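Okay, thanks for squeezing me in. I'll put the structure up and walk you through the overall layout, then the cores, then a couple of residues I'd like you to look at.

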Amino acid sequence: MASRLGLVGCFIVIVTLVLKGSSAATYTVGDGLTWTIPPGGEIAYSTWARSKSFNIGDVIVFNWTGTHDVAEVTKENYDSCTDTAIGSIQNTSPVNFNLTSNATRYFICTISSHCELGQKVTIGIGSDFWNSASSLKYGALSAVLSTIAISFLTFF
């Protein structure tokens with residue numbers, strides 16, 4: 001019985017590590033576009049963000065050249081491009097933001113009309129904000145591992 005509990009404990013630790021992942025990711029906002037007034041408007045950054053799966057512990061990096069800045073703002077200020085920042089406006093590139101909770105975060109450039117021209121991004125964290133496919137992937141993985149665990153327990 002004690003060895004069975006030890007094996008179950010080991011299995012739980014392995015499952016937790018697999019589901020959690022082993023390391024945080026670092027994302028450069030816009031990838032090759034970097035942080036700039038995007039051609040075509042805000043669709044560039046929303047498309048970029050939708051292609052990512054941000055998690056707690058990840059880091060997003062804003063890189064730019066020229067006259068830009070980055071400010072974290074509320075959703076209301078994001079929608080209206082109001083430059084009232086949460087914290088301070090960062091004006092020296094690069095700027096890193098650590099993702100430390102499941103809260104959705106909003107970032108804009110406060111220079112002139114840059115935000116209105118599309119230099120803004122929403123970062124959805126946790127619960128696979130953009131990608132329901134990822135939640136299906138981990139849900140399926142969890143179901144498979146649970147089935148293996150039950151089979152394992154009934155075998156011993």
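So, the chain has four helices and six strands. Keep in mind that this is a predicted model. If you read along the sequence, the order goes α-β-α-β-β-α-β-β-β-α. There are 156 residues in the chain, and 34% of them count as buried. The accessible surface is about 8900 Å², with 60% of that belonging to carbon and sulfur atoms. For the contact-map people: take contacts between residues at least 6 apart in sequence, and 70% of those join residues at least 24 apart.

Right, on to the inside. In soluble globular proteins, nonpolar side chains tend to be buried together. Here, the largest nonpolar core has 19 residues, and the ones with the most contacts inside it are Trp35, Phe54, Ile60, Phe62, Val121 and Ile123. Which elements supply at least two residues each to this core? Those are α2, at 43–50, plus the strands β2 (59–62), β4 (95–98) and β6 (120–123). Of the elements, α2 gives the most, with three residues. There's also another core lying apart from that one, made of seven residues, including Ala71, Val73, Cys81 and Ile108.

Let me zoom in on Ile60, which sits in strand β2. Buried or exposed? Ile60 counts as buried, because its relative accessibility is 0%. Leaving out anything up to four places away in sequence, Ile60 touches Tyr27, Val29, Phe54, Val95, Asn96, Phe97, Leu99, Phe107 and Ile123. Pick out Asn96 from that list: Ile60 and Asn96 are 36 residues apart along the chain, and their C-alpha atoms are separated by 5.7 Å.

Now a charged one, Glu72, over in strand β3, which covers residues 71–73. Why does Glu72 count as buried? Because its relative accessible area is 13%, and the cut-off for buried is under 20%. What does its side chain pair up with? There's a polar contact of 2.8 Å between the side chains of Glu72 and Arg105. Setting aside neighbours within four places in sequence, Glu72 is in contact with Thr84, Ala85, Ile86, Phe97, Arg105, Tyr106 and Phe107.

One last thing to look for on the screen: Phe97 and Phe107 turn up in the contacts of Ile60, and they turn up again in the contacts of Glu72. That's what I have, so go ahead and rotate it yourselves.

Terms used:
Residues are numbered from 1 along each chain as its sequence is written. This is a predicted model: local features need pLDDT of at least 70, side-chain atom pairs count only at pLDDT 80 or more; totals for chains, interfaces and linings use all residues. Side-chain values use heavy atoms; hydrogens and water are left out. Buried means under 20% relative accessible area, exposed over 50%, partly exposed in between (1.4 Å probe, protein chains only). A polar contact is a pair of N or O atoms within 3.5 Å; within protein, one must be able to donate a hydrogen and the other to accept it, and residues adjacent in sequence count only if both atoms are side-chain atoms. Contact means heavy atoms within 4.5 Å. A nonpolar core is a set of buried Ala, Val, Leu, Ile, Met, Phe, Trp, Tyr and Cys residues joined through side-chain atoms within 4.5 Å. Accessible areas come from the Shrake-Rupley method with a 1.4 Å probe; for residues, only the protein chains shown count as cover.
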